[in-house]
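These are my notes from going through one model. I started with the empty space inside, then looked up rings, backbone and one loop residue.

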Amino acid sequence: MKILQLLFIILLGLGSYAQKADLVTDRPDQTESSVAVPVGALQIETGFMQIDNTAFSSTVYNTTLLRYGLFENTELRLGAGFETYEDLAIETEGLAPIMLGFKSRIKEESGFIPEMAVMLELTMPYFGSDDFAPNTTDAKFLASFAHTLSDRMSLGYNLGSVWSNETINQNWVYSAALGYSLLDKVGLFAEFYGGKADRFKPDNAADFGVTWLIVENIQLDLSYGIGLMDLSANDSFLSFGLSMRFFK
């Protein structure tokens, strides 16, 4: 009850803040937006995810992304979370690896030319619980693009790469999400995404979900996804989240 009361107080307090720009989040879909948060704004995107697979199950609690507007069109990013993991051999839980990074929008949309942004994220070694923390610095680079298709429909897509020094491996990642504004404050999306690791077949998946803008700077989301390959990393997942923006 105390958690619900605290959340209610936060919602009432945030509702009094003036909105200075549209709230654009990087959740719940896998496609990162091509928009950075405004200068001086702190955006918190957090949630819960349940992942199921024939070989294991995993739950990520309070998977949180902090986004801070450092310069115009450039943001700093900090990610963390708490994870449980269980398979036939082990059962463990603890802090997930910490991520540091930035995103910068490099071009606005103009006609057929999409809005463009670049993003770099580094997973910090030795931060987090022993069972989850990597021993080396992993890096993820993404190029993000966005098209406005109509007053209510948009298309976003990413192309990038993930480097893991621990496994000396490079993975290609890709995604495309189609968004539709059903109502002024309710949006729907459907998405295809995946990755291709060295010496392995592509691992593709799809998801869909809904977002609800409660007030101008608070958004709820719900999404569900399924793996599309026989040996997909995730057979299915269910995610629920909350995004909030604070201004200085």
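**Cavity lining.** I sorted the residues lining the largest cavity by character: four are nonpolar, three polar and two charged. The model is a predicted one, and I read every entry below with that in mind. By name, the lining consists of Glu-32, Ser-33, Lys-103, Ala-117, Val-118, Met-119, Leu-142, Ser-144 and Asn-158. Strand S6 (115-123) and strand S7 (138-148) are the elements that give two or more residues to this lining. S6 has the largest share, with three residues. I then looked up the volume of the largest cavity, which is about 30 Å³. The count of cavities of 30 Å³ or more is one.

**Overall make-up.** How many helices and strands does the protein chain have? I find one helix and 13 strands. The order along the sequence is α-β-β-β-β-β-β-β-β-β-β-β-β-β, so I note that in this pattern the helix precedes the strands. Of the 248 residues in the protein chain, 41% are buried. I also looked up the contacts with a separation of 6 or more: residues 24 or more positions apart account for 48% of them. The exposed surface of the protein chain is about 14,100 Å², and carbon and sulfur atoms supply 65% of that area.

**Aromatic pairs.** A search of the whole structure gave me three aromatic pairs. I wrote down one of them, Tyr-174 with Phe-192, which is stacked, with 6.3 Å between the centres and 20° between the planes. The label follows from the angle, because planes under 30 degrees apart count as stacked. Tyr-174 belongs to strand S9 (residues 169-181) and Phe-192 to strand S10 (residues 186-197), and the two are 18 residues apart. Are these rings' residues buried or exposed? Tyr-174 is partly exposed, since its relative accessibility is 24%. Phe-192 is also partly exposed, at 39% relative accessible area. Both values fall in the partly exposed class because buried means under 20% and exposed over 50%.

**Backbone exceptions.** I checked the backbone against the usual expectation that most residues other than glycine have a negative phi and most peptide bonds are trans. Which residues are joined by a cis peptide bond? I have Arg-27 and Pro-28, with omega about 15°. Pro-28 sits in the loop between helix H1 (2-14) and strand S1 (41-52). Asn-73 goes on the list for its positive phi of about 70°, as it is not a glycine. Its place is the loop between strand S2 (56-71) and strand S3 (74-87). Asn-73 counts as partly exposed because its relative accessibility is 26%.

**Thr-31.** I went back to the loop between H1 and S1, where Thr-31 lies. Thr-31 counts as buried, since its relative accessibility is 5% and the cut-off for buried is under 20%. What does Thr-31 touch, not counting residues up to four places away in sequence? I list Gly-156, Tyr-157, Asn-158, Ser-175, Ala-176, Ala-177 and Glu-191. One of these, Asn-158, also appears in the lining of the largest cavity. I looked up Thr-31 against Phe-192 as well: they are 161 residues apart along the chain, and their C-alpha atoms are separated by 9.1 Å. Phe-192 is the ring residue already noted as stacked with Tyr-174.

Methods: Residues are numbered from 1 along each chain as its sequence is written. This is a predicted model: local features need pLDDT of at least 70, side-chain atom pairs count only at pLDDT 80 or more; totals for chains, interfaces and linings use all residues. Side-chain values use heavy atoms; hydrogens and water are left out. On a 1 Å grid over the protein atoms alone, a cavity is a set of points where a 1.4 Å probe fits but cannot get out, and a pocket is an open set with protein on both sides within 12 Å along at least five of seven lines; lining residues have an atom within 4 Å of a point. Grid points are joined across faces, edges and corners, and a volume is the space filled by probe spheres set on the points. Helices (H or I, at least four residues) and strands (E, at least two) are DSSP runs, numbered from the N terminus. Ala, Val, Leu, Ile, Met, Phe, Trp, Tyr, Cys and Pro count as nonpolar, Asp, Glu, Lys and Arg as charged, and the others, Gly among them, as polar. Rings of Phe, Tyr and Trp (its six-membered ring) pair if their centres lie within 6.5 Å; planes under 30 degrees apart count as stacked, over 60 as edge-to-face and the rest as tilted. Buried means under 20% relative accessible area, exposed over 50%, partly exposed in between (1.4 Å probe, protein chains only). Contact means heavy atoms within 4.5 Å. Accessible areas come from the Shrake-Rupley method with a 1.4 Å probe; for residues, only the protein chains shown count as cover.
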